[in-house]
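Good morning, and thank you for coming. I would like to take the group through one model, and I ask that you keep the structure open on your screens as I speak.

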Amino acid sequence: MGHPDIAGRRLSKDAYAKNFADLHPPLSAHEALVESDRCYFCYDAPCQQACPTSIDIPMFIRQIGAGNPLGAAETIFEQNILGGMCARVCPTETLCEEACVRETAEGKPVKIGLLQRYATDAQMRTGRQPFQRAPATGKSVAVVGAGPAGLACAHRLAMHGHDVTIFEARKKPGGLNEYGIAAYKSVDGFAQAEVDFVLGIGGITVERGKALGKQITLEGLRKEFDAVFLGMGLQGVNALNSKHEATDGVEDAVDYIAEIRQAKDLGKLKVGRNVLVIGGGMTAIDIAVQSKLLGAEDVTILYRRGAEQMKASGFEQQLAQTKGVKIKHWVSPRKVLAKDGKAIGLECEYTEEKKGKLGGTGETFRLKADMIFKAIGQTFVPDPMKDALVLDGGRIKVDASRRTSLPDVWAGGDCAAGGQDLTVAAVDDGCRAAESIHEFLSA
Amino acid sequence: MADLRTNFVGIKSPNPFWLASAPPTDKEYNVVRAFKAGWGGVVWKTLGEDPHVVNVNGPRYGAIHSGDRRLLGLNNIELITDRPLQTNLDEIKRVKREWSDRAMVVSLMVPCEETNWANILKRVEETDCDGVELNFGCPHGMSERGMGSAVGQVPEYIEMVARWCKANTRMPVIVKLTPNITDIRKPARAAKQGGADAVSLINTINSIMSINLDSFAPEPTIDGKGTHGGYCGPAVKPIALSMVSEIARDKETQGMPISGIGGITNWRDALEFILIGAGTAQVCTAAMTYGFKIVQEMTSGLEQWMDERGFSHLDELIGKAVPNVTDWQYLNLNYIAKAHIDQDKCIQCGRCYAACEDTSHQAISNAPKNGKRHFEVIDEECVACNLCVEVCPVESCITMVQMTKGTDPRTGRKIDKKYANWTTHPNNPAAKVAAE
């Protein structure tokens with residue numbers, strides 16, 4: 001094992017553009033018509049039941065089929081104002097499309113995600129949104145975090161006539177839609193276009209560079225506003241607990257994914273010739289695939305359990321394998337191998353499950369690596385709340401309406417307990433909280 | 001191997017598949033291509049008198065499509081041939097000489113005067129064609145000039161012209177009927193009265209295909225205006241089958257040869273027309289949609305089916321379904337069936353439930369079973385209307401099962417194996433009591 005080979009410009013300019021193009025190109029008008037014709041317009045449709053935001057899928061597909069894409073878009077946005085991004089990033093293969101009766105019948109579900117994109121794109125092209133604000137109520141709500149949960153909550157509150165201020169720690173609003181999703185799932189600046197679309201309803205102010213516990217405090221917000229919604233996501237990253245974790249060349253996948261999303265010139269991003277990714281969720285897939293697309297020669301995902309236990313869907317696993325990523329199951333990292341302070345490899349141990357408990361077999365092996373990505377999950381950092389809120393499993397405890405232990409504070413998205421860690425689930429949280437807040441403010 | 005040869009009022013063709021009088025049979029070039037592809041015969045596009053008519057220079061066709069633009073129905077506002085009469089006659093003669101084994105029927109339309117018909121018949125006879133078809137059907141354009149369906153809608157005219165034609169030619173005369181009439185039996189009877197050898201039907205149906213939502217004009221649109229045209233294609237087949245059956249079972253026209261036309265797209269459609277009484281099957285829209293090659297699928301399909309069923313000649317099949325066409329009043333009211341859902345085939349779409357619950361008899365239950373969606377027929381409510389069968393997207397998932405014994409749980413009445421119809425039903429005020 002020599003010196004690590006980490007470099008940018010591994011590919012031609014065209015290759016970067018091609019590799020990071022739209023993963024699922026949009027449907028043409030005719031394709032949308034043909035696909036909409038496949039929908040059976042099921043009664044009490046299983047797809048709708050499977051959708052965390054309960055979009056009336058058969059209805060919007062029928063509207064597309066009848067040449068009314070804007071009506072279809074309204075049906076979608078009524079339930080999910082981030083329907084555009086969800087059309088791109090939802091794991092439809094485990095949600096609506098898995099429930100589709102055509103999946104049952106022939107293994108080929110209606111392409112609900114692509115149809116949703118067709119309709120929402122049509123609305124986005126008009127440059128306006130289909131909703132209007134109710135008359136101003138004079139009530140104000142603070143929303144912490146401009147991610148999917150915060151945006152959805154803010155939009156619904158604005159619709160009800162409340163004034164909303166969103167406090168966002170980062171430079172750009174959008175949350176994981178802007179910083180976390182694989183680049184090929186959200187091309188052409190879609191995340192920011194969608195933020196503009198959502199804010200287009202009016203009555204929402206976004207304050208950037210305002211992080212909870214730094215520039216703002218929960219106590220301050222509670223004093224200044226009539227209600228508070230917390231949707232700040234997860235700030236912490238799980239640690240490997242292995243030796244030399246802090247070595248050069250060992251990186252947090254979420255940080256690098258954000259870098260890829262923000263990169264104006266992908267060629268400037270340095271990537272290892274041999275890349276190891278530790279983890280089994282969507283983040284692991286996203287970083288592995290994107291490393292490969294940036295020109296890494298060999299990319300291997302290391303996961304401590306089997307394919308079925310991976311949090312990444314079967315489709316995502318296949319996508320990774322199609323792009324040339326290798327997935328190694330039942331292995332666990334033991335020690336980062338370093339030379340001159342730089343990572344050059346990883347010592348791993350085979351794992352096994354005995355009586356439901358995961359453990360090492362004692363057999364180890366070494367893998368060469370120029371870069372090692374940690375994608376073993378993120379954690380909620382509760383410090384800014386200063387014990388003001390009751391937690392549940394390390395995240396904020398909420399009830400069915402997403403209300404926290406404080407009567408005027410709601411929470412949703414990844415920072416709330418019991419969630420699914422999905423964009424679409426975060427949107428649902430935001431909407432539910434908004435309705436509950438509205439009820440609270442109207443009382 | 002089944003023998004598809006056809007003898008229709010003395011007109012012989014190697015198979016029953018003829019191209020109907022329409023654009024595909026307007027010229028020697030097209031007809032030769034059709035014969036090369038295997039068509040058994042053609043009815044040459046309608047000839048008229050010189051000076052020949054002119055057609056519009058904008059769209060002549062409109063259509064309705066399925067989601068994938070499969071053409072379901074077509075309409076046209078094209079008139080009869082817009083070429084000089086002699087040009088057509090020369091070509092007909094040449095093609096018939098070259099393709100003597102194929103049926104060559106010539107469609108005609110001239111003003112309602114005996115001399116006009118006598119004159120054109122004489123010239124057509126010189127082509128050595130096999131017969132003529134009188135176009136009393138076109139619902140657009142020519143009807144405004146007192147021809148086409150304007151004649152076909154008046155049985156007396158049909159009889160009169162048919163009689164003139166029979167008096168002025170030795171050739172078989174086929175009368176082509178318009179469906180734009182209340183009772184198709186009337187014109188058919190008139191044709192028979194006039195001495196016609198056969199009828200062919202249906203011609204196209206009066207139609208406006210669509211209204212453009214931007215221009216507020218009917219389609220097809222010519223310079224901002226549209227007019228009704230003749231509707232044809234797969235969508236009209238059921239109308240045509242019914243009309244053919246009416247003529248086939250009418251006491252006055254029973255046994256009169258029929259050339260079936262209307263939405264025939266494949267061998268199955270053609271066979272259905274044959275079974276309901278047609279001696280030949282005329283095709284147009286399918287050829288205009290897919291080209292002439294489709295005839296090979298048609299002959300192959302018909303042969304295959306006949307071989308499998310042990311039929312050797314078409315004569316064994318013509319009209320075979322006619323005895324089973326009856327009036328509603330003679331349907332067996334003691335026949336009891338219930339819908340049955342094959343749970344292994346069911347994909348739980350719930351369409352049967354929506355249809356039955358919202359629009360019919362509330363005879364399908366929607367209650368989860370073992371945590372899964374589950375739809376079941378409620379025999380106590382099911383009237384066997386068949387709507388669930390028709391809206392189910394899975395073939396033979398829902399079927400109608402006859403009850404042959406026991407009690408109908410809906411009515412509480414014992415299954416009666418005896419045939420009984422409306423004519424003797426107690427609820428019928430006009431019921432005839434059996435003679436003592």
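**Aromatic rings and the chain interface**

Ring pairs join A:Y43, B:Y353 and B:F375 into a cluster. Rings of Phe, Tyr and Trp (its six-membered ring) are paired here if their centres lie within 6.5 Å; planes under 30 degrees apart count as stacked, over 60 as edge-to-face, and the rest as tilted.

Before going on, some conventions. This is a predicted model, in which local features need pLDDT of at least 70 and side-chain atom pairs count only at pLDDT 80 or more, while totals for chains, interfaces and linings use all residues. Residues are numbered from 1 along each chain as its sequence is written, chains are lettered from A and ligands numbered from 1 in the order in which they are written, and side-chain values use heavy atoms, with hydrogens and water left out.

Let me turn to the interface. Contact, meaning heavy atoms within 4.5 Å, involves 15 residues of chain A and 13 residues of chain B. The area buried between chain A and chain B is about 1,100 Å², and carbon and sulfur atoms give 62% of that; buried area is the accessible area (1.4 Å probe) that two parts lose on being put together, summed over both. Which three residues supply 50% of the area that chain A buries against chain B? They are A:H30, A:Y40 and A:Y43, and no other three residues supply more.

Returning to the rings, the count of aromatic pairs comes to 11 over all chains. One of them is A:F167 with A:F225, an edge-to-face pair at 5.9 Å centre to centre, with 80 degrees between the planes. This pair links distant parts of the chain: A:F167 belongs to strand β3 (residues 163–168) of chain A, and A:F225 to the loop between α13 (218–224) and β5 (227–230) of chain A, 58 residues apart. Helices (H or I, at least four residues) and strands (E, at least two) are DSSP runs, numbered from the N terminus. A:F167 is buried at a relative accessible area of 6%, and A:F225 is buried at 9%. The word buried stands for under 20% relative accessible area, exposed for over 50%, and partly exposed for what lies in between (1.4 Å probe, protein chains only).

A further pair, A:Y256 with A:F373, is tilted, at 5.1 Å centre to centre and 50 degrees between the planes. Here A:Y256 lies in helix α14 (residues 253–262) of chain A and A:F373 in strand β15 (residues 371–374) of chain A, 117 residues apart. Both A:Y256 and A:F373 are buried.

Rings also meet charges in chain A. The charged end of A:R62 sits over the ring of A:F41, 5.5 Å from its centre, and A:R170 lies over the face of A:Y179, 3.9 Å from the ring centre. The criterion is NZ of Lys or CZ of Arg within 6 Å of the ring centre and within 35 degrees of the ring normal.

**Sheets and helices of chain B**

Chain B has 12 helices and 22 strands, and 51% of its 436 residues count as buried. In chain B, 8 strands close into a barrel in the order β3-β4-β7-β8-β9-β10-β15-β16, with parallel pairing; two strands pair if DSSP finds at least two bridges between them. Neighbouring strands of this barrel are turned by 25 degrees against each other on average, direction ignored. Within the barrel, β3 (residues 17–19) and β4 (residues 41–47) of chain B pair over 2 bridges, and B:W18 stands opposite B:G41.

Another sheet is open: 4 strands of chain B in the order β5-β6-β14-β11, with antiparallel pairing. β5 (61–65) and β11 (205–207) of chain B are at the edges with a single partner strand each, so one side of each is left without a neighbour in the sheet. β5(B) and β6 (residues 71–76) of chain B pair over 5 bridges, with B:G62 opposite B:N75.

Finally, helix α6 (residues 185–193) of chain B. Which of its residues are buried? They are B:P187, B:A188, B:R189, B:A190 and B:A191. Their cover includes α4 (149–152), α5 (155–168), β9 (173–176), β10 (198–201) and α7 (237–249) of chain B. Just after α6(B), B:G195 takes a positive phi of about 95 degrees.

Technical notes:
Axes fitted to C-alpha atoms, helices over the stretch in contact; angles between N-to-C directions.
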